[in-house]
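Hi everyone, thanks for coming along. I have one structure to walk you through today, so let me put it on the screen and we can go through it together.

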Amino acid sequence: MQKETETNEVLPTNLGFQDANIVTSIVNYNELVLDKNRLLVTAGDRNPQLIGVQSRISTLNQNLLSSLDNLKKSLEIQLSQLNIEAKNSNSKISDIPLIERGLIDIERQNIIYSELYSYLLKKKEETAISLAVTVPNAKIIDVAYGSGLPISPKKKIVYLAALLLGVLIPFVFIYLKHLLDTKIHQPQRH
């Protein structure tokens with residue numbers, strides 16, 4: 001526990017804190033310290049006003065330390081989050097050469113395809129020009145005409161051949177069967 005006659009020092013107010021409560025607490029703390037130092041000059045150690053100011057300084061000091069500790073913890077959390085983001089950014093940065101290599105490959109393929117397309121277009125135009133320039137060596141004198149019936153095969157001849165073969169093949173088969181039959185057959189009686 002602090003002695004009541006102990007002199008407290010004034011804290012600097014321009015430390016760059018963004019928290020308004022901490023800045024207000026520092027200003028109030030400095031005012032109480034100045035009041036205490038003025039009272040120490042004129043009053044004794046057991047002066048009730050001095051004791052009240054000292055207790056308010058102690059309370060404000062504890063509140064200020066607690067606020068600063070909370071601020072430190074929140075800054076540590078922010079720092080850890082920033083470190084995580086930095087690691088993620090660094091991993092993304094390390095992936096850039098792979099991505100760039102892929103983009104270069106795609107760009108090369110694009111150039112090759114565009115050159116191939118240009119070459120094929122050029123050849124197509126050359127072919128079209130060469131076909132347009134060539135003169136046909138045959139001229140059509142008369143338009144073709146016909147009866148609409150097929151010239152060959154003639155249906156009547158095909159039907160006649162089918163009929164003859166249909167009769168002739170079974171006759172030849174039966175004749176050859178009887179000719180090559182060497183067995184003796186008896187007529188059957190009823």
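Let me start with a question for the room: is Lys73 buried, partly exposed or exposed? Take a moment with the picture. Lys73 is partly exposed, because its relative accessible area is 44%. We'll come back to that residue shortly. Before going further, please keep in mind that this is a predicted model.

Now the overall layout. The chain has three helices and zero strands, and reading along the sequence gives you the pattern α-α-α. Helix H1 covers 20-42 and helix H2 covers 48-133, while helix H3 takes in residues 155-180.

What about the overall dimensions? The C-alpha trace spans about 165 × 80 × 30 Å along its principal axes. The radius of gyration is 59 Å, where a compact globule of 190 residues would come out near 16 Å. Of the 190 residues in the chain, 9% are buried. The chain exposes about 17500 Å², and carbon and sulfur atoms supply 62% of that area. As for contacts between residues at least 6 apart in sequence, 62% of them join residues at least 24 apart.

So where do buried side chains come together? As background, nonpolar side chains in soluble globular proteins tend to be buried together. In this model the largest nonpolar core has eight residues: Tyr29, Leu32, Val33, Leu39, Leu50, Val53, Ile57 and Leu60. Helix H1 and helix H2 each supply at least two residues of that core.

Tyr29 is a good place to zoom in. Leaving aside neighbours within four places in sequence, Tyr29 is in contact with Asn8, Glu9, Leu11, Ile57, Leu60 and Asn61. Of those partners, Ile57 and Leu60 are also members of the core.

Step one residue along and you reach Asn30, which is in helix H1. Is Asn30 buried or exposed? Asn30 counts as buried, because its relative accessible area is 7% and the cut-off for buried is under 20%. Its contacts, again leaving aside neighbours within four places in sequence, are Val10, Leu11 and Thr13. Leu11 therefore turns up twice, in contact with Tyr29 and with Asn30.

Asn37 is also found in helix H1. With a relative accessible area of 27%, Asn37 is partly exposed. If you want a sense of distance, the C-alpha atoms of Asn37 and Asp69 are separated by 27 Å, with their positions 32 residues apart along the chain.

That brings us to Asp69, and to the charged pairs. In general, side chains of opposite charge can pair when their charged atoms come close. How many salt bridges are there in this model? The count comes to four, and I'd like to show you three examples.

Here is the pair with our opening residue. Asp69 forms a salt bridge with Lys73, and the closest N and O atoms are 3.7 Å apart. Both residues lie in helix H2, four residues apart, which is about one turn of the helix. Asp69 is partly exposed at 36% relative accessible area, and Lys73, as we saw, is partly exposed at 44%.

Further along helix H2, the side chains of Asp105 and Arg108 meet in a salt bridge at 3.4 Å, N to O. Why are these two about one helical turn apart? Because they are three residues apart in helix H2. Asp105 counts as partly exposed at 36% relative accessibility, whereas Arg108 counts as exposed at 52%.

The next example is Lys123 with Glu126, where the closest N and O atoms are 3.4 Å apart. Lys123 and Glu126 are three residues apart in helix H2, so about one helical turn separates them. Lys123 is partly exposed at 35% relative accessible area, and Glu126 is partly exposed at 37%.

Let me finish on the surface. Which residues make the nonpolar surface patch of about 730 Å²? They are Leu168, Phe171, Val172, Tyr175, Leu176, Leu179 and Leu180. Leu180 has its place in helix H3. Leu180 counts as exposed because its relative accessibility is 64%, and the cut-off for exposed is over 50%.

That's the tour. Thanks for listening, and I'm happy to go back to any part of the picture.

Technical notes
Residues are numbered from 1 along each chain as its sequence is written. This is a predicted model: local features need pLDDT of at least 70, side-chain atom pairs count only at pLDDT 80 or more; totals for chains, interfaces and linings use all residues. Side-chain values use heavy atoms; hydrogens and water are left out. A nonpolar core is a set of buried Ala, Val, Leu, Ile, Met, Phe, Trp, Tyr and Cys residues joined through side-chain atoms within 4.5 Å. Buried means under 20% relative accessible area, exposed over 50%, partly exposed in between (1.4 Å probe, protein chains only). Contact means heavy atoms within 4.5 Å. Patches are made of residues with over 30% relative accessible area and no salt bridge: like charges are joined within 9 Å, nonpolar side chains (Val, Leu, Ile, Met, Phe, Trp, Tyr) within 5 Å. Accessible areas come from the Shrake-Rupley method with a 1.4 Å probe; for residues, only the protein chains shown count as cover. The radius of gyration is taken over C-alpha atoms; the globule rule is 2.2 Å times the number of residues to the power 0.38.
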